[in-house]
Amino acid sequence: MDGPGGRDRRELLKACTGLLTGVVILGSPLATLARNRVWAVYLGTFSTSQANTLTSMLRTILPHDRLDDLAYAQVIQALDERARTDAEFATKLMAGLELLGDAFSNQSEPERVNILKKIESSEFFRTVRQKGVEVLYSTAAAYSYFGYEGEAFSKGGYLHRGFNDLHWLPEVPAEDSGPLPGGG
Amino acid sequence: MTSIPLNDERAVAIIGSGAGGGTLAHELTRRGISVVLLEAGKRQSTETFSQVPGEAFQQLTWLDTRTQSGDWGVARDFPNLPVWHCKTLGGTTVHWTASAPRLQPWELRAKTTYGNVMGSSLIDWPLAYEELEKYYQLAEARLRVTRRNGVPGLPASNNFKVMYAGAKKLGYKQVHTGHLAINSRAYDGRGFCIQQGFCVQGCKMGAKWSTLYTEIPKAQATGKLDLRLEATACRIEHGKDGRANAVVYRDRQGFEQRQYARIVCVAGNAIETARLLLLSESSQFPNGLGNSSGQVGRNYCHQITGFVWGIFDKPIYSWRGATLAGVVEDEAVNNLSRGFVGGYRMELVTLDLPTFPLVGLPYGWGRDFTSVIENYRNLSGMFINGEDLPRSQNRITLSPQVKDSLGLPVAHVHVEEHTNDQALRTHAQGQMRRMFEAVGANRVVEGPTPPATHNLCTARMSRGPEDGVTNQWGQSHEVKNLFISDGSALSTPGCANPTLTIVALALRQAEFIAGEMKAGNI
């Protein structure tokens, strides 16, 4: 991820096969996390149109409508990185994308689902799904979108930050629970 | 740093530093016995544990290839990862969730209690509960288990409040925040639980008992322990007299080394323990060391496990808090009216966001799939921990095709579920569903059986060699100075999470080994 612009960008573009760009939606929780609202993912294997097909595919397999495009772009970045060093992997993905064709992105969601159902047991589909699940839910955008707070050691755990703040069910009697540490 | 020469034939060699091996190393060294401890992994610490779930998985997990076959769900959902245990100093005690219940007396008499169950290879343990009880007490004190010896329980989390209310609506009585080897108060130089929820990534407070920062440093402090990291055992050798006399291993640089030893104790987790014995074949032991009766690797048990997720219309934030701090114990009984033998526990569970769709819901796609994850903050989780039946054909063998980086055949895991296993799982899933629905869940989703973390019984204790590998001390029936010191030695799994039992058996075994050494018997 880089902010676009400047000489670094021109150097990058020379070696780059495709480009995904976007703007983090203002007012989204991610906007406060991102260094720049504008983001770009430079690709070394996929063309821009292949990357767009992959985005459509991922948004069909793992649809979260209001999850920022950046999270999906990070999956494509991970696929692209692997494809750069693993020729067999790259060939498999290229063949799958060839089969889907550029038109895939223009189909309606039910049509895209029908197309993917036919190939859901293929290695291509399973590879994209697996990488999607591995990367998508590990992104800062996903943490923010799902309200997941992540590691807590650096903040003193959840002991005083809501681990027991549920009040719509009865409290557990002392004999089946335990006292808070420190407080006696 | 204590250094024991490779040709020192007086030392005890222990392979593996987890609950069994790490505890045994401490118990022998504090009795003045010299120990060489071989650990395949590296050393991490409370400072180095990664808090990025994917990184922590890479940091701690035994990632060497295993192959598998059979009809259990793991073969379908996790074809490349049949089992999930650790390769790091402290072994699987680094990532365990610290549930430390005891087996019950009748579980040690499984064959007598359940009768002849067709298609199983049940046996009774060669020791009675009464002989183990003292060591359970010692283990509970050592691990500072909550709700034992006056140690307070952990406080109830949001996730547990859901479990508790549901369980009470169904009339369950034995419901509490668990018998956990997690400090509810600071103890022994280790901190107390601050409800981080990152138990599986390694407890950065050191509140969770792990041999990494308890037994192993204490063993080192005796001056009797030679700890060798990144030392991968490849073969156990024996002399003409049929006694084990050396462990051949690869060191950090990949060079082959041979550590001579008076006694060899294997504690590499049930998969690698069985594999190592099978790799140690010779003209005298053509089927593997101590395996003349062909029992090594058989009767592999993994306990019946599985997730059930309840989705509510309000937030639970289940990730806040100790992962497994809650249990319903009422079903940990043998009650044939349920349609199966053996019992199960229902335990609280949560998974961090990156791990949830990988392990807690590893199948499906599209709107139906993501509709569960969309509700991540409104999810509550429960986990089955039930007894599975031993079967002779469920076993660890050496892969005929696949070899590891050292050129040695990898372990192959084969599991065919017994209909009893399936009936137990279905019953447990049904009860969890009822519990969630009783407190207003909108939807209940059954998750998979995850890669097995409770790997057991592949060198089980038995009265004789015809149906097991070791006697009641974990001592090989055939090779008197070869011991099994991990979960492989359990005769049957029962429905208790196994670590406390492994520690109790290691404490008992250490006493036996020290006595036998003194008497000159081994």
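B:E230 lies in the loop between β5 and β6 of chain B. In this predicted model, B:E230 adopts a positive phi of about 50°, although it is not a glycine. Most residues other than glycine have a negative phi. B:E230 is partly exposed, since 18 other C-beta atoms lie within 10 Å, whereas a buried residue would need 20 or more.

A second residue of this kind is B:Q195, which is not a glycine and yet has a positive phi of about 55°. B:Q195 belongs to the loop between β4 and α7 of chain B. With 26 other C-beta atoms within 10 Å, B:Q195 is buried.

The strand that follows the loop of B:E230 is β6, and it leads into a sheet of chain B. Three strands form this open sheet in the order β6-β7-β8, with antiparallel pairing. At its edges stand β6 (232-238) and β8 (256-260) of chain B; each has a single partner strand, so one side of each is left without a neighbour in the sheet. On average, neighbouring strands of the sheet are turned by 25° against each other, direction ignored. Between β7 (residues 244-250) and β8 of chain B, the antiparallel pairing extends over five bridges. Within β8(B), B:Y260 is the residue that stands opposite B:A246.

Two helices of chain B may be considered next for their surroundings. Helix α1 (residues 19-29) of chain B has 11 of its 11 residues buried, and it is therefore largely enclosed by the rest of the structure. The buried residues include a run of glycines, B:G20, B:G21 and B:G22, as well as B:H26 and B:E27. The cover over the buried residues of α1(B) includes strands β1 (12-15), β2 (35-38), β5 (225-228) and β9 (263-266), together with helices α7 (215-221) and α12 (499-518), of chain B. Strand β5 of chain B thus belongs to this cover and also precedes the loop that holds B:E230.

The other helix is α6(B), with 12 residues. From its first C-alpha to its last, α6(B) reaches 17 Å, close to the 16 Å expected at 1.5 Å a residue. Nine of the 12 residues of α6(B) are buried, so this helix is largely enclosed by the rest of the structure. Among them are B:F160, B:V162, B:M163 and B:Y164, along with B:N158, B:N159 and B:K161. The buried residues of α6(B) pack against strands β4, β10 (304-311), β11 (327-328), β12 (344-349) and β13 (379-386), and against helix α11 (419-438), of chain B. Just after α6(B), B:G171 takes a positive phi of about 90°.

Helix α6(B) also takes part in the interface between the chains. Here 45 residues of chain B are in contact with 38 residues of chain A. On the side of chain B that touches chain A, two or more residues come from each of α6 (158-169), β4 (175-176), α9 (356-360) and α10 (366-374) of chain B. Of these, α6(B) gives the largest share, six residues. By class, this side of chain B has 22 nonpolar, 15 polar and eight charged residues.

Chain A, the partner, contains seven helices and two strands. Along the sequence, its elements follow the pattern α-β-β-α-α-α-α-α-α. Of the 184 residues in chain A, 33% are buried. Among the contacts in chain A with a separation of 6 or more, 74% are between residues 24 or more positions apart.

How values were computed. Residues numbered from 1 in each chain as written. Chains lettered and ligands numbered in written order. Predicted model: local features only at pLDDT ≥ 70, side-chain atom pairs only at ≥ 80, totals over all residues. Contact = placed C-beta atoms within 7 Å. Helix = DSSP H or I, 4+ residues; strand = E, 2+ residues; numbered from the N terminus. Nonpolar A, V, L, I, M, F, W, Y, C, P; charged D, E, K, R; others polar. Expected span 1.5 Å × (residues − 1). Pairing = 2+ DSSP bridges. Axes fitted to C-alpha atoms, helices over the stretch in contact; angles between N-to-C directions.
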